[in-house]
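Subject: Structure for your review

Dear colleague,

Please find below the structure I am handing over to you, with its sequence. My findings follow directly after it.

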Amino acid sequence: MSQDIVAGSMFVLFGVLGYLFSLQLSFGTAAELGSAFLPRLVSVLLVVIGVGIAIGGVVKSRAAIAFHSPRPLIVVTFCVVLFALTLETLGLVAAILLMVALSGLAGERRGVVTTLVLGVALSLTCVAIFIWGAQLPIRVWPV
C-alpha cells in the first residue's frame, strides 16, 4: 500500500472523527456562527484533502511504506493527547511548550535552543491567531 493511500485514509479518518465530535456543538446561524462551524469546516476539508491524496495514491503507484519504528507515532499521539489534557489547566503557552519539548523525542534530537525557539514561535503564533485574532476564551497562562 502506498504512502499516499495511507496518508489520505488518515486525513479522512480524522476528518470524519472531527465531524462526529462536532455534532454535539451548536452550528449557529449565518449571522452568528456557533462553536461547531470551524471544526466542521476543517473536518470537511480534511476529508476532501484525504480523498484527493488517496486517489492520487491509487492513480500513481509508489513504493510501499517502510515502517521502521512505532516511536514517532506513539510520541506524537501522546503529545497531542497531553496538549488536550493540559490546555485548560496550564494555559495555551505552557501546553504548547510542553508539547514541543516532548515531541522532540519522536525523531532526531534537536538542541535546547532550537526547541525553545520553535516552542516560543508556535506559542506566539497560536496566541496571535486564537486569542487576539479569533478572540477565543482560552486561558493563555496557568492559573
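In this predicted model, α3 supplies the largest share of the lining of the largest pocket, namely 9 residues. The lining comprises 27 residues in total, and those nearest the centre of the pocket are G18, V42, V80, F83 and A84. Two or more lining residues come from each of α1 (3-22), α2 (37-59), α3 (71-90) and α5 (112-133). The space in this largest pocket amounts to about 1,400 Å³. As for chemical character, 22 of the lining residues are nonpolar and 5 are polar, while none is charged.

Two of the helices that contribute to this lining, α1 and α2, also pack against each other. Their axes lie 7 Å apart, at an angle of about 160°. Because angles over 145 degrees count as roughly antiparallel, α1 is described as roughly antiparallel to α2. The crossing of α1 past α2 is left-handed. In the contact of α1 with α2 there are 16 nonpolar, 7 polar and 2 charged residues.

One further residue should be brought to your attention, on account of its backbone. Q135, which is found in the segment after α5, has a phi near 55°, a positive value in a residue other than glycine. Is Q135 buried or exposed? With a relative accessible area of 64%, Q135 is exposed, given that the cut-off for this class is over 50%.

With kind regards

Key: Residues are numbered from 1 along each chain as its sequence is written. This is a predicted model: local features need pLDDT of at least 70, side-chain atom pairs count only at pLDDT 80 or more; totals for chains, interfaces and linings use all residues. Side-chain values use heavy atoms; hydrogens and water are left out. On a 1 Å grid over the protein atoms alone, a cavity is a set of points where a 1.4 Å probe fits but cannot get out, and a pocket is an open set with protein on both sides within 12 Å along at least five of seven lines; lining residues have an atom within 4 Å of a point. Grid points are joined across faces, edges and corners, and a volume is the space filled by probe spheres set on the points. Helices (H or I, at least four residues) and strands (E, at least two) are DSSP runs, numbered from the N terminus. Ala, Val, Leu, Ile, Met, Phe, Trp, Tyr, Cys and Pro count as nonpolar, Asp, Glu, Lys and Arg as charged, and the others, Gly among them, as polar. Axes are lines fitted to C-alpha atoms, for helices over the stretch in contact, and angles run from 0 to 180 degrees between N-to-C directions. Angles under 35 degrees count as roughly parallel, over 145 as roughly antiparallel, 65 to 115 as roughly perpendicular and the rest as oblique. A crossing is left-handed if the near helix is turned anticlockwise from the far one by less than a right angle, and right-handed if clockwise. Buried means under 20% relative accessible area, exposed over 50%, partly exposed in between (1.4 Å probe, protein chains only).
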